[in-house]
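Please examine the sequence and the structure shown below before reading on. The report that follows moves from contacts of single residues to the chain as a whole.

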Amino acid sequence: MENRTIWCHAIQFKVEQDSRKGNYLTVISSKENVTEVNIPKTVTVDGKKLEVKSIDSYAFCNCNRLKSITIPDGVTSIGKGAFYNCKNLTSITIPGSVTSIGWEAFKDCKSLTSITIPGSVTSIGRGAFSGCDSVTIYCEALSKPCEWDRLWSWSFVPVVWGYAGESGITKDGF
């Protein structure tokens, strides 16, 4: 079953194996004309439910019609350039299970106006939000974790630290 690829809901997945996790799925690409993606938490392959654990490098790169994407709880990593140049992406939901966001993951997502980074994220690569000139970044962390690349957000965009949700109130009360 390992290294097999399958299509489901306009998304291509690769079956991978880890000695600790067993078999799991990685999103590796999508159809170019897709406008909305809701990545499923699990996909049944050969009668077995496999969890989606990661989004591979450049999986949605240049999907210019993509407007919104929902990533399910259980996904732990968003690869390098995963959403690079998705110029019409306006909405993305990142779950609290994500711990790493790769280099240039959202580079040149020109229509993105806000994104919330969960407190679970311990690593963000260089230029993850470069070219996202209209975005406001809401971070649940109280300050930039030292493991985040110092140039994680090349653009001089607003960053709200200690964000606690829709109320707009930060964790320190301001």
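## Contacts of two strand residues

Two residues are in contact when heavy atoms of theirs lie within 4.5 Å. The model discussed here is a predicted one. With that cut-off in mind, which residues does S68 contact, leaving aside its neighbours within four places in sequence? They are T35, E36, V37, L89 and S91. S68 itself belongs to strand β7, which covers residues 68-70. Between S68 and S57 there are eleven steps in sequence, and their C-alpha atoms are 18 Å apart in space.

Q12 offers a second example, this time in strand β2. When residues up to four places away in sequence are not counted, Q12 touches T5, I6, W7, T26, V27, I28 and S29. Q12 counts as buried because its relative accessibility is 16%, and the cut-off for buried is under 20%.

## Overall form

The protein holds zero helices and 14 strands. Read from the N terminus, its elements therefore appear as an unbroken run of β, written β-β-β-β-β-β-β-β-β-β-β-β-β-β. Along the principal axes, the C-alpha trace spans about 50 × 35 × 30 Å. The radius of gyration is 16 Å, which agrees with the value near 16 Å that a compact globule of 174 residues would have.

How much of the protein is buried? Buried residues account for 48% of the 174 residues. The exposed area is about 8,700 Å², and carbon and sulfur atoms supply 46% of it. As for contacts between residues at least 6 apart in sequence, 36% of them join residues at least 24 apart.

## The hairpin of β5 and β6

Strand β5 comprises residues 42-45 and has two faces. V43 and V45 form the covered face, whereas T42 and T44 form the uncovered one.

In what sense does β5 pair with strand β6, residues 48-55? The pairing is antiparallel and runs over four bridges. Within this pair of strands, T44 stands opposite K49 of β6. The two strands make a hairpin with two residues between them. D46, in the turn of this hairpin, has a positive phi of about 50°.

## Positive phi in two loops

Most residues other than glycine have a negative phi. Two loop residues may be read against that background. H9 has a phi near 55°, a positive value in a residue other than glycine. H9 is located in the loop between β1 (5-8) and β2 (11-18).

D108 is likewise not a glycine, and its phi is positive at about 60°. The loop that holds D108 connects β10 (100-101) with β11 (114-117). Are H9 and D108 buried or exposed? H9 counts as exposed because its relative accessibility is 60%, while D108, at 16%, counts as buried.

## Aromatic rings

There are eight aromatic pairs in the structure. Why is the pair of F60 and F83 classed as stacked? The ring centres are 5.2 Å apart and the planes meet at 5°, so the pair is stacked; the cut-off for stacked planes is under 30 degrees. This pair links distant parts of the chain, 23 residues apart: F60 lies in the loop between β6 and β7, and F83 in the loop between β8 (77-78) and β9 (91-93). F60 is buried at 0% relative accessibility, and F83 is buried with a relative accessible area of 0%.

Y138 and Y163 form a tilted pair, with 4.6 Å from centre to centre and 45° between the planes. This pair also links distant parts of the chain, 25 residues apart, with Y138 in strand β13 (residues 136-139) and Y163 in the segment after β14 (159-161). Y138 is partly exposed, because its relative accessible area is 24%. Y163, in contrast, is buried at 10%.

## A ring cluster and a charge over a ring

Which residues do ring pairs link into a cluster? The cluster consists of F60, F83, F106, F129, W148, W152 and W161. F60 and F83, described above as a stacked pair, are thus listed among its members.

An aromatic ring also faces a charged group in this model. The charged end of K31 sits over the ring of W7, at 4.4 Å from the ring centre. W7 has already appeared in this report as one of the residues that Q12 touches.

Terms used:
Residues are numbered from 1 along each chain as its sequence is written. This is a predicted model: local features need pLDDT of at least 70, side-chain atom pairs count only at pLDDT 80 or more; totals for chains, interfaces and linings use all residues. Side-chain values use heavy atoms; hydrogens and water are left out. Buried means under 20% relative accessible area, exposed over 50%, partly exposed in between (1.4 Å probe, protein chains only). Two strands pair if DSSP finds at least two bridges between them. Rings of Phe, Tyr and Trp (its six-membered ring) pair if their centres lie within 6.5 Å; planes under 30 degrees apart count as stacked, over 60 as edge-to-face and the rest as tilted. A charge sits over a ring if NZ of Lys or CZ of Arg is within 6 Å of the ring centre and within 35 degrees of the ring normal. The radius of gyration is taken over C-alpha atoms; the globule rule is 2.2 Å times the number of residues to the power 0.38. Accessible areas come from the Shrake-Rupley method with a 1.4 Å probe; for residues, only the protein chains shown count as cover.
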